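Me: I would like to work through this structure in a series of questions. Please show the sequence and the structure before we begin.

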Amino acid sequence: MEKTLLIDLGGTHMRFAILSVENNKIDSVNKKKLQLEDKLDTFLQDILAENKNQINNLVLSIAGPKLYGTIEMTNRTLKIDANKLKEKFNLKNCLILNDWEAIAYSYPSLKSDNLINLINPKTNFYNNNVLFFGPGTGLGVSLLIDEKYVQSTEVGNINLGVNELVGDELASTNQFSKIEDTISGTGISKIYELKKDKKISSEDIFKLAKNGEDFALEIIEDLIDRIAILLSQLTLTYMPGKGIFLAGSMMRSLINFIDKKKFEKQFLANIESPQLEILKMTPINIVTKENLALYGCLNYFNSIQKDLN
């Protein structure tokens with residue numbers, strides 16, 4: 001029986017699912033922490049043995065830019081080559097995707113009840129492009145073009161506009177050199193440490209904010225403002241007529257802190273017509289569904305198989 005292994009390999013954790021050709025849907029997702037860089041090969045050896053070498057197809061979502069069929073991970077000293085994995089483990093198919101490329105390919109799996117609307121224009125879509133965006137350890141951005149093709153980006157690693165996003169006081173510390181330093185879990189932890197001389201995780205900042213700590217609330221409100229400002233610029237850059245989808249665990253955590261009216265006001269601020277009309281016609285939604293990268297891996301694999309048949 002032929003099986004497919006889907007893996008979402010992040011900076012600290014790996015999530016995976018095993019599907020049979022007959023079932024071909026994600027029924028359950030497993031989560032595993034990888035400590036050492038050589039553990040991926042060990043994991044693959046073990047899971048192939050557990051499944052009696054019936055895993056013929058491997059699709060990986062990996063946090064890092066994809067070049068020439070390889071991905072060098074952003075937060076690990078690990079370089080993954082699809083052809084080498086295919087040969088080493090005698091696989092029928094081995095496909096690799098950038099993590100936000102995979103998230104964009106999850107689009108066909110999303111339903112209306114997976115979305116929380118922030119901005120809902122009463123107009124028709126002006127094209128079929130969708131922008132996926134989400135802060136986490138870093139910042140992910142990808143564009144789904146005409147609901148078919150995905151372009152991943154390295155928006156989080158550009159430095160244009162960083163000072164404007166973070167403000168003069170924080171910019172003067174020279175701790176914020178790229179956009180994801182200002183819009184990410186790592187970024188808000190750094191801001192908390194600079195202001196309070198105390199190092200805590202972004203998860204703990206959210207807990208403090210939930211319990212009403214003023215400074216934690218201020219940090220999160222500033223983060224939401226920066227997200228709205230950056231999204232207005234990305235809207236004019238990528239023209240996502242079918243909307244912006246905000247994904248990932250941090251965006252799900254932000255749901256209860258976002259004032260929709262304030263968010264929309266910040267999103268539309270400082271942009272003049274006719275470009276302002278583009279922003280007003282662009283929907284923005286938060287995606288509540290988890291494990292999007294795995295669903296994207298499956299959709300991508302299915303589309304490749306369909307093209308081959």
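Me: Is Cys94 buried or exposed?
Reply: The model is a predicted one. Buried residues have under 20% relative accessible area. Cys94 has a relative accessibility of 10%, so Cys94 counts as buried.

Me: Which cysteine sulfur is the nearest to that of Cys94, and how many disulfides does the count come to?
Reply: The nearest cysteine sulfur to Cys94 is that of Cys297, 11 Å away. A disulfide requires the two sulfur atoms to lie within 2.5 Å, and Cys94 is in no disulfide. Cys297, for its part, is in no disulfide either. The nearest sulfur is thus that of Cys297, and the number of disulfides is zero.

Me: What is the relative accessibility of Cys297?
Reply: Cys297 counts as buried, and the threshold for that class is under 20%. The value for Cys297 is 0%.

Me: How many salt bridges does a search of the whole structure find?
Reply: Side chains of opposite charge can pair when their charged atoms come close. One such pair in this model is Glu2 with Lys92, and another is Lys178 with Asp181. The search of the whole structure finds seven.

Me: How many residues apart in sequence are the parts that Glu2 and Lys92 tie together?
Reply: The closest N and O atoms of Glu2 and Lys92 are 3.7 Å apart, and the two residues form a salt bridge. Glu2 lies in the segment before β1 (3-9), while Lys92 belongs to the loop between α2 (82-88) and β8 (93-98), so the parts tied together are separated in sequence by 90 residues.

Me: Which class of accessibility applies to Glu2, and which to Lys92?
Reply: The class between buried and exposed runs from 20% to 50%. Glu2 has a relative accessibility of 26%, and Lys92 has 48%. Glu2 therefore counts as partly exposed, and Lys92 likewise counts as partly exposed.

Me: Which helices are linked by the pair Lys195 and Glu169?
Reply: The side chains of Lys195 and Glu169 meet in a salt bridge with an N to O distance of 3.2 Å. Lys195 is partly exposed at 40% relative accessibility, whereas Glu169 is exposed at 56%. The two residues are 26 apart and link distant parts of the chain, namely helix α6 (residues 185-196) and helix α5 (residues 168-171).

Me: In the salt bridge of Lys178 and Asp181, is Asp181 buried or exposed?
Reply: The side chains of Lys178 and Asp181 meet at 3.7 Å, N to O. Lys178 counts as partly exposed at 23% relative accessibility. Asp181 has a value of 10%, so Asp181 counts as buried.

Me: Which strands stand at the edges of the five-strand open sheet?
Reply: The strand order is β3-β2-β1-β4-β8, with mixed pairing. Two strands have a single partner strand each, so one side of each is left without a neighbour in the sheet; they are β3 (30-33) and β8.

Me: In which sense do β1 and β4 pair?
Reply: Strands of a sheet pair through backbone hydrogen bonds, either parallel or antiparallel. In β4, Ile55 is the bridge partner of Lys3. Seven bridges join β1 and strand β4 (residues 55-62), and the sense is parallel.

Me: Which helix gives the largest share of the largest nonpolar core?
Reply: This core has 48 residues, and those touching the most other members are Phe133, Ile227, Leu231, Leu246, Leu254, Phe263 and Ile284. The largest share amounts to eleven residues and comes from helix α8 (residues 214-238).

Me: Which residues does Phe263 touch, leaving out those up to four places away in sequence?
Reply: Phe263 is one of the residues that touch the most other members of the largest nonpolar core. With residues up to four places away left out, the residues touched are Leu118, Ile119, Ile224, Ile227, Ala228, Leu231, Ile258 and Ile284.

Me: Which peptide bond is cis, with omega near 5°?
Reply: The proline concerned, Pro274, lies in the loop between α10 (260-268) and α11 (275-280). The cis bond runs from Ser273 to Pro274.

Me: What is the phi of Asn270, which is not a glycine?
Reply: Asn270 is placed in the loop between α10 and α11. Its relative accessibility of 78% makes Asn270 exposed. The phi of Asn270 is positive, at about 65°.

Conventions
Residues are numbered from 1 along each chain as its sequence is written. This is a predicted model: local features need pLDDT of at least 70, side-chain atom pairs count only at pLDDT 80 or more; totals for chains, interfaces and linings use all residues. Side-chain values use heavy atoms; hydrogens and water are left out. A salt bridge is a side-chain nitrogen of Lys or Arg within 4 Å of a carboxyl oxygen of Asp or Glu. Helices (H or I, at least four residues) and strands (E, at least two) are DSSP runs, numbered from the N terminus. Buried means under 20% relative accessible area, exposed over 50%, partly exposed in between (1.4 Å probe, protein chains only). Two strands pair if DSSP finds at least two bridges between them. A nonpolar core is a set of buried Ala, Val, Leu, Ile, Met, Phe, Trp, Tyr and Cys residues joined through side-chain atoms within 4.5 Å. Contact means heavy atoms within 4.5 Å.
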